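Good morning, everyone, and thank you for making time for this. I would like to walk through one structure with you, beginning with its pockets and then turning to some details of the backbone.

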Amino acid sequence: MSSNVRPDSMKRINTFELANAFIDEQVAEIRAQVGAKKVLLALSGGVDSSVVAALLIKAIGKQLVCVHVNHGLMRKGESEQVIEVFGKQLNANLVYIDATDRYLDKLAGVSDPETKRKIIGGEFIRIFEEEARKLEGVDFLAQGTIYPDILESVKQAEGKKAVKSHHNVGGLPDDLQFELVEPIKLLFKDEVRVVGEALGLPHEMVYRQPFPGPGLGVRCLGAITRDRLHALREADAILREEFDIAGLNKTVWQYFIVIPDIKSVGVKDESRYEGWPAIIRAVNTKDAMSATIEEIPYAILHKITKRITSEVEGINRVLYDLTPKPTGTIEWE
């Protein structure tokens, strides 16, 4: 399956039998491609990179080096969770790199979404090149690229514009020093989950909420600032906590906050208070190519609104995005 085009004859992977056949095929292909050399894997802790990690461990064992880069655009507590689960519980060969200042300095003043993605993707590769120089025999970079990433990054027909470039597709530099290993690049998200369960990954890891490679960088709309990024991280943590309490985490595929670079007039402590709006996005989908909007009970929305506007400095409004895909995309940038 070296092509970037999914064969018409490829069956949907929706059973353990098909998943196990896929796993056997990919293990053989990985071994043939990599040989005795080492592979670096960007391990975010999301389902895509976790499934790739499990496949590579099954195929080449200790030849895999997992690297978690904290680019400062992670959700609250996420890097700490990656270290706990993969470094301690799963005993992976894990390297942790805190590159927060490096990323935010590069992104300062950059408002164009595609430019942001390319900067994030470019730095992502540079960090891996630096890490590879510390090791011997590393010629491969593994990625959790999946099929919707490719479909949305490449023009599918003449005259149509790409929806957006993904950091692991359109954001890769031309002088890439690695050969790519992308064993799940022809799978849709629901298929990746079936493969993950067949590999024996924990259920909560397999069904962890999707998170874009550029992280909060594409949810802090426009030019990223540290104060707005902090507000976004805190508001998103409140949203996820309240969805967990209400049980919506079991029925909604993806939910998050975006904060645009605009302010409106509000009132706080009987005084004028200018703040950003926090926009809630909650969608359901099977393959990420289309999405419907989840109907959230007003009582829950009111509770979330009250908490965010009272607990998060800089936010004075909470809005709910009712736009399906199409015409909207799942992410805003």
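The largest pocket in this predicted model has a volume of about 840 Å³. Its lining is made up of 30 residues, and those closest to the centre of the pocket are Glu204, Met205, Tyr207, Arg208 and Gln209. If we ask which helices each supply at least two residues of that lining, they are helix H3, spanning 78-89, helix H8, spanning 203-206, and helix H9, spanning 226-246. The largest share comes from H3, which gives 6 residues. Sorted by character, the lining holds 11 nonpolar, 9 polar and 10 charged residues.

Now to the backbone, where I would like you to look at the segment after strand S10 (315-320), in which proline 326 lies. The peptide bond leading from lysine 325 to proline 326 is cis, with omega near -15°, and the bond from proline 326 on to threonine 327 is cis as well, with omega near 15°. Threonine 327 also has its place in the segment after S10.

Finally, there are two residues other than glycine to consider for their phi angles. Aspartate 269, in the loop between strand S7 (264-268) and strand S8 (271-284), has a positive phi, near 55°. Alanine 288 sits in the loop between S8 and strand S9 (292-293), and its phi is positive too, near 70°.

Are these two residues buried or exposed? Aspartate 269 has a relative accessible area of 68%, so this residue is exposed, whereas alanine 288, at 12% relative accessibility, counts as buried because the cut-off for that word is under 20%.

Definitions and conventions: Residues are numbered from 1 along each chain as its sequence is written. This is a predicted model: local features need pLDDT of at least 70, side-chain atom pairs count only at pLDDT 80 or more; totals for chains, interfaces and linings use all residues. Side-chain values use heavy atoms; hydrogens and water are left out. On a 1 Å grid over the protein atoms alone, a cavity is a set of points where a 1.4 Å probe fits but cannot get out, and a pocket is an open set with protein on both sides within 12 Å along at least five of seven lines; lining residues have an atom within 4 Å of a point. Grid points are joined across faces, edges and corners, and a volume is the space filled by probe spheres set on the points. Helices (H or I, at least four residues) and strands (E, at least two) are DSSP runs, numbered from the N terminus. Ala, Val, Leu, Ile, Met, Phe, Trp, Tyr, Cys and Pro count as nonpolar, Asp, Glu, Lys and Arg as charged, and the others, Gly among them, as polar. Buried means under 20% relative accessible area, exposed over 50%, partly exposed in between (1.4 Å probe, protein chains only).
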